[in-house]
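User: I've got this model open on my screen and I'd like a close look at a single part of it. Could you walk me through one helix and what packs around it?

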Amino acid sequence: EQTVIENLLAHVLTVENLRPLAKSIAEAMEERSRDAVLRITTLEDRLAEVQQAMENIMDAIEQMGYAKHLQQRYDERRREEEEIVVELTQLQGLQVTPKQILQITDEALEGWIAYMRASLEGDNRSAARRIIQQFVAKIVIKEGTGTLYYTFPFPDDSYMPSERNLDLTKV
């Protein structure tokens, strides 16, 4: 535990280490949002087609009367419409505003680092353990060295995985 804390303090919890991750997160969020917008547009077009097909089927039923095959087609289109609406809702959750992307300022980053450092360097071991559990995803030890996998904290509980090699020879 102490080796993990020392490596976090010395190598991970620095602006120099976390700034590139913050930049990568912002870029990934922008790309994810752009992709979601394109996919949303495509799905909205498909939804309009499905709804038009449903209207056409209803018109056919009104003109020709009830027919089992028309009901089956309508049910198929209804299921397709429901699937598209679910997917649209999921994609809309992936969209972010520029304001959300810019939340990782140097000030916010430095404040977060200060909070983490104070918790890790403090006397409260349970607080330090909680910080480690939230921040460190896993540690892989192999032949005297290890790799520390950690997550980048983010306001909306999403994260950007990263890794750092540890020197465990002094353990």
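What follows is a look at helix H3 (residues 68-94) and then at its surroundings.

Analyst: Happy to. Keep in mind that this is a predicted model. A little orientation will help before we zoom in. The protein has six helices and three strands, and from the N terminus on they run α-α-α-α-α-α-β-β-β. Of its 171 residues, 35% count as buried. If you take the contacts with a separation of 6 or more, 63% of them come from residues 24 or more positions apart. The protein exposes about 11,200 Å², and carbon and sulfur atoms supply 50% of that.

Now to H3 itself. How far apart should the ends of this helix be, given its 27 residues? At 1.5 Å a residue, H3 should span 39 Å, and its end C-alpha atoms are 40 Å apart, so the two figures agree.

Next, which residues of H3 are buried? They are Leu70, Arg77, Glu80, Glu81, Ile84, Leu88 and Leu91. You'll notice an arginine and two glutamates in that list. Part of the cover over these buried residues comes from helix H2 (15-64).

Let's take the arginine. Arginine 77 sits in H3, and its relative accessible area is 18%, which counts as buried because the cut-off is under 20%. Its side chain makes a polar contact of 2.9 Å with the side chain of glutamate 80. Leaving aside neighbours within four places in sequence, arginine 77 is in contact with Arg46, Val50, Ala53, Met54 and Ile57.

Then look at glutamate 81, also in H3. With a relative accessible area of 10%, glutamate 81 is buried too. Which residues does glutamate 81 contact, leaving aside its neighbours within four places in sequence? Leu47, Val50, Gln51 and Met54. If you click on Val50 and Met54, you'll see them among the contacts of arginine 77 and among those of glutamate 81.

Further along there's Leu88, buried in H3. Its C-alpha atom and that of threonine 41 are separated by 9.3 Å, although the two residues are 47 apart along the chain. Threonine 41 belongs to H2 and is partly exposed, with a relative accessible area of 39%.

Leucine 94 also lies in H3. Is leucine 94 buried or partly exposed? Partly exposed, with a relative accessible area of 27%. Not counting residues up to four places away in sequence, leucine 94 touches Arg32, Ser33 and Ala36. Leucine 94 and aspartate 35 are 59 residues apart in sequence, yet their C-alpha atoms are 9.0 Å apart in space.

So where does this leave the nonpolar packing? The largest nonpolar core has 20 residues, and Leu8, Leu13, Leu18, Leu120 and Phe135 touch the most other members. Helix H1 (2-12), H2, helix H5 (106-121), helix H6 (125-135) and E2 each supply at least two residues of this core. Apart from it lies another core, of nine residues, and Ala36, Leu43, Met54 and Leu88 are among them. That other core is where our helix comes in: Leu88 is one of its members and one of the buried residues of H3.

For a feel of the 20-residue core, try leucine 8. Leaving aside its neighbours within four places in sequence, leucine 8 is in contact with Leu13, Leu120, Ile132, Phe135, Val136 and Leu148.

The strands round off the picture. Strand E1 (residues 136-142) and strand E2 (residues 145-151) run antiparallel, joined by six bridges. Valine 136 stands opposite tyrosine 150 in E2, while the bridge partner of lysine 138 is tyrosine 149 in E2. The hairpin has two residues between the strands, and glutamate 143 takes a positive phi near 55° there. Five of the seven residues of E2 are buried, so E2 is largely enclosed by the rest of the structure.

Notes. Residues are numbered from 1 along each chain as its sequence is written. This is a predicted model: local features need pLDDT of at least 70, side-chain atom pairs count only at pLDDT 80 or more; totals for chains, interfaces and linings use all residues. Side-chain values use heavy atoms; hydrogens and water are left out. Two strands pair if DSSP finds at least two bridges between them. Helices (H or I, at least four residues) and strands (E, at least two) are DSSP runs, numbered from the N terminus. The expected span of a helix is 1.5 Å times one less than its number of residues. Buried means under 20% relative accessible area, exposed over 50%, partly exposed in between (1.4 Å probe, protein chains only). Contact means heavy atoms within 4.5 Å. A nonpolar core is a set of buried Ala, Val, Leu, Ile, Met, Phe, Trp, Tyr and Cys residues joined through side-chain atoms within 4.5 Å. A polar contact is a pair of N or O atoms within 3.5 Å; within protein, one must be able to donate a hydrogen and the other to accept it, and residues adjacent in sequence count only if both atoms are side-chain atoms. Accessible areas come from the Shrake-Rupley method with a 1.4 Å probe; for residues, only the protein chains shown count as cover.
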